[in-house]
Each structure stands twice: as C-alpha cells, then as structure tokens.
Amino acid sequence: MTVGRLIDRQTGMTAAELVGHLMPPPQFATASLENYVPDPRFPSQAEAVEAMRTFSSETIAAPRGLFSRKPAPAVAKPGVYLDGGFGVGKTHLLAALWHRTRGRKYFGTFIEYTAIVGALGYREAVAHFRGASLIAIDEFELDDPGDTMVMSRLLGELVASGSRIAATSNTPPHALGEGRFAAQDFLREIHALADRFTTVRIDGEDYRKRDIEGHAVALDEAAFAARIAAESAQAPAGVTVDVFDDVLRHLATVHPSRYVGLIAGLEAVGLRDVRVLSNQTDALRLVALVDRLYDAQVRIHATGIPLDQIFPDEMLAGGYRKKYLRAVSRMIALTTS
C-alpha cells in the first residue's frame with residue numbers, strides 16, 4: 001500500500017485564491033434558518049434564529065422630514081455577534097445568514113481575514129472588501145493586539161462603506177482578549193469593536209460530544225494500518241500518513257492561511273506517534289490545521305496518545321484556552337466519524 005505524506009503536499013494558493021475561498025465550509029453549504037433545529041431545553045437557540053432572521057431583513061429607515069412629529073427610530077447596529085459555547089450551532093446560523101444575504105459577501109474565520117490582510121496589504125484588502133453586503137467572521141478571537149487593531153480599523157472602514165458584519169465566538173465581545181493583554185490601547189480597540197455589535201447569546205451543549213465518550217480515538221498499529229488501508233481503497237489519492245512531529249515541523253514552513261490548500265482533496269489523514277505538546281507555537285499551528293480539517297470534514301486516524309490529550313494543563317490554563325478547547329472538540333468529532 002502506497003499513500004502520500006502531508007509534508008510533501010504543496011499549498012498552491014495565491015492571495016486571489018485565498019479571497020475566493022471565503023465562503024462557508026462544505027458541511028454548511030445548505031445551512032438555513034429553517035433547517036437549524038433548536039434544542040427546546042435551551043430557548044435562547046430559537047431566539048437566536050429569530051435574531052438572525054431580523055438582522056437579515058433589517059434596513060436602515062430613511063430620515064424623517066424636518067417637521068415630523070414622530071421621533072426617528074433607533075438605527076440598528078451594523079453588526080450581530082453570536083456568543084455561545086462550542087457546538088451549539090453558531091457557525092450554522094452564520095452560514096445561514098450568509099446564504100440569505102444578496103450581493104457580494106464573504107465568509108471566513110478570523111485568522112483567514114487577518115492572513116489575507118497580510119497577504120494583500122491593508123489598503124488592497126480594504127479596496128477588495130469595501131462595499132460588500134456582508135462580512136461574516138467565524139471564530140472571532142483576539143489573541144494579539146496587532147491583529148485586534150488591524151481588524152478594528154478594517155471593520156470600521158467596511159461599516160462606513162455600508163457593509164454589515166456578523167461574527168461568532170465563544171467570548172462576549174467586551175471580554176475579547178481578557179486575561180491576555182492589558183494595554184490601554186488594546187482595551188480601547190476591544191470596546192470599539194464591541195460597540196459595533198448587537199450580542200446574541202446561544203446556550204446549549206456541544207452536539208459533537210452528545211453521542212461519544214469524550215475522547216478522541218487512539219489506535220494501535222494494527223488497527224491504524226487497517227483504517228488507512230480501507231481509506232486508501234476508497235480514495236487512493238486522498239489519504240496521507242505522517243509522523244506527528246514531522247507534521248509539526250512542516251506546519252512551521254507554511255503560513256496558516258494556506259493550510260486550506262495543504263489539505264485540499266484529502267479524505268483522511270493518518271498521524272503516527274501523537275504526543276503531548278510542549279511548545280505553544282506548535283500548538284497554535286496545530287489548532288489552525290484542525291480548524292481546516294474540520295471545515296473540510298477530513299477524518300483523522302492516529303496512534304499514540306488520544307488527540308484530545310495533547311494540550312498540557314499549563315496551556316489549557318493560559319490565554320489560548322478557548323482555542324485549545326475548540327480544537328479538542330473538533331478532534332474528538334474527526335476521530336470518531
């Protein structure tokens with residue numbers, strides 16, 4: 001049996017192709033407000049559906065005449081922000097809003113937008129996005145003051161051009177960056193961002209964990225070989241096998257914005273000798289890769305420790321905790337599918 005290696009694959013994506021990729025992941029290609037199924041135990045889910053329906057149909061009222069007796073109606077904020085835990089359907093609702101929106105529109109993760117700004121340059125990025133009817137930002141996380149200020153400035157210019165903004169995250173907007181950076185300039189940027197959003201809270205349990213034991217599957221060598229053989233029989237060119245440490249080294253040579261090209265066309269990846277991570281930079285790169293694997297629904301088969309145990313306690317107690325927990329949730333789903 002001959003399979004490829006992830007470390008041998010080329011990303012092959014230009015900046016223009018990165019922008020063209022800004023649309024919902026394949027599993028949300030048919031997402032709608034109608035096929036989102038609210039959990040009756042959590043009324044906020046049904047309320048979130050209605051909030052997104054309202055946001056998608058809102059229009060700014062024309063100014064009233066000088067002698068109008070009625071006060072002008074309050075102008076809705078140009079952004080909506082879905083705040084909730086992992087796996088409660090925020091991305092589904094964001095994708096549904098994107099599908100309902102007419103005109104030029106974009107859908108991407110926070111890291112994809114910041115990477116495109118880096119690839120195109122700020123002015124060219126603004127010129128490209130200006131006037132879009134909707135900018136949808138999934139997984140809005142502010143881990144770096146520089147990224148925060150760039151995104152705050154970018155969103156400010158786009159809102160001024162008439163664009164509407166929709167975002168999801170696991171942290172309320174005024175709390176973004178909390179516990180990480182205390183610089184006053186950074187805090188001002190956080191509040192400036194938050195003031196552009198109406199926050200919609202979504203409660204619930206992670207649907208990815210409802211029917212599983214709570215751990216990613218770790219295989220022995222015999223079971224691993226059998227899984228890879230079965231995957232290769234179904235998709236000979238769509239399977240890779242690598243040593244875990246080799247993948248970590250390779251990710252350091254590829255910009256995270258191009259991980260989507262790294263995994264293009266894959267059905268499954270095999271990882272041998274998974275271990276606990278000791279380097280936070282490696283951990284963050286792996287989180288970015290897991291996000292792209294999850295978006296493309298690429299299955300993971302692995303030996304070594306279960307993938308949900310790769311982040312040590314000191315990492316989970318730090319400022320990137322939410323990123324790591326999201327990755328854990330996604331790796332559990334990808335190794336049990």
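Begin by selecting D195, which sits in the loop between helix 7 (184-194) and strand 5; helices (H or I, at least four residues) and strands (E, at least two) are DSSP runs numbered from the N terminus. At 48% relative accessibility D195 counts as partly exposed, where buried means under 20% relative accessible area, exposed over 50% and partly exposed in between, with a 1.4 Å probe and protein chains only. Now add P78 to the selection: D195 and P78 are 117 residues apart in sequence and 9.6 Å apart in space, C-alpha to C-alpha.

Before going further, note that this is a predicted model, in which local features need pLDDT of at least 70 and side-chain atom pairs count only at pLDDT 80 or more, while totals for chains, interfaces and linings use all residues. Residues are numbered from 1 along each chain as its sequence is written, and side-chain values use heavy atoms, with hydrogens and water left out.

Zoom out to the protein chain, where there are 13 helices and eight strands. Of its 337 residues, 49% are buried. Among the contacts (heavy atoms within 4.5 Å) with a separation of 6 or more, 85% are between residues 24 or more positions apart.

Next, colour the open sheet of five strands, whose order is 2-3-4-1-5 and whose pairing is parallel; two strands pair if DSSP finds at least two bridges between them. Strand 2 (105-109) and strand 5 (197-202) stand at the edges with a single partner strand each, so one side of each is left without a neighbour in the sheet. From one strand to the next the twist averages 15°. Inside this sheet, select strand 1 (residues 79-84) and strand 4 (residues 164-169), which run parallel and are joined by five bridges; L82 stands opposite T168 in strand 4. Then show helix 3 (residues 90-100), which packs on the sheet and touches strand 1, strand 2, strand 3 (134-138), strand 4 and strand 5, its direction making about 165° with that of strand 2. For such angles, axes are lines fitted to C-alpha atoms, for helices over the stretch in contact, and the angles run from 0 to 180 degrees between N-to-C directions.

A short stop can be made at E157, whose place is in helix 6 (residues 145-160). Leaving aside neighbours within four places in sequence, E157 is in contact with Y122, R123, V126 and R130. E157 and G131 are 26 residues apart in sequence, and 9.7 Å separates them in space, C-alpha to C-alpha.

Move now to the open sheet of three strands, arranged in the order 6-7-8 with parallel pairing. Its edge strands are strand 6 (239-243) and strand 8, each of which pairs on one side only. Strand 6 and strand 7 pair in the parallel sense over five bridges, and the bridge partner of V239 in strand 7 is A268. Helix 8 lies across strand 6, strand 7 and strand 8, running at about 160° to strand 8. Within helix 8 (residues 221-234), select E231, which is buried, with a relative accessible area of 9%. Not counting residues up to four places away in sequence, E231 touches V239, A268, R299 and H301.

From here, select helix 9 and helix 11, which pack at an angle of about 90° with their axes 10 Å apart. The two helices are therefore roughly perpendicular to each other, since angles under 35 degrees count as roughly parallel, over 145 as roughly antiparallel, 65 to 115 as roughly perpendicular and the rest as oblique. The residues to display are F244, V247, L248 and L251 of helix 9 and D282, R285, L286 and L289 of helix 11.

Finally, display the largest nonpolar core, which has 39 residues, those with the most contacts inside it being L277, L286, L289, L307 and F311. A nonpolar core is a set of buried Ala, Val, Leu, Ile, Met, Phe, Trp, Tyr and Cys residues joined through side-chain atoms within 4.5 Å. Helix 11 gives the most to this core, with eight residues. Centre the view on L277, which, apart from neighbours within four places in sequence, is in contact with F244, L248, A283, L286, I310, F311, P312 and M315. The last selection is a second, separate core of 25 residues, which includes Y106, F110, I116 and M151.
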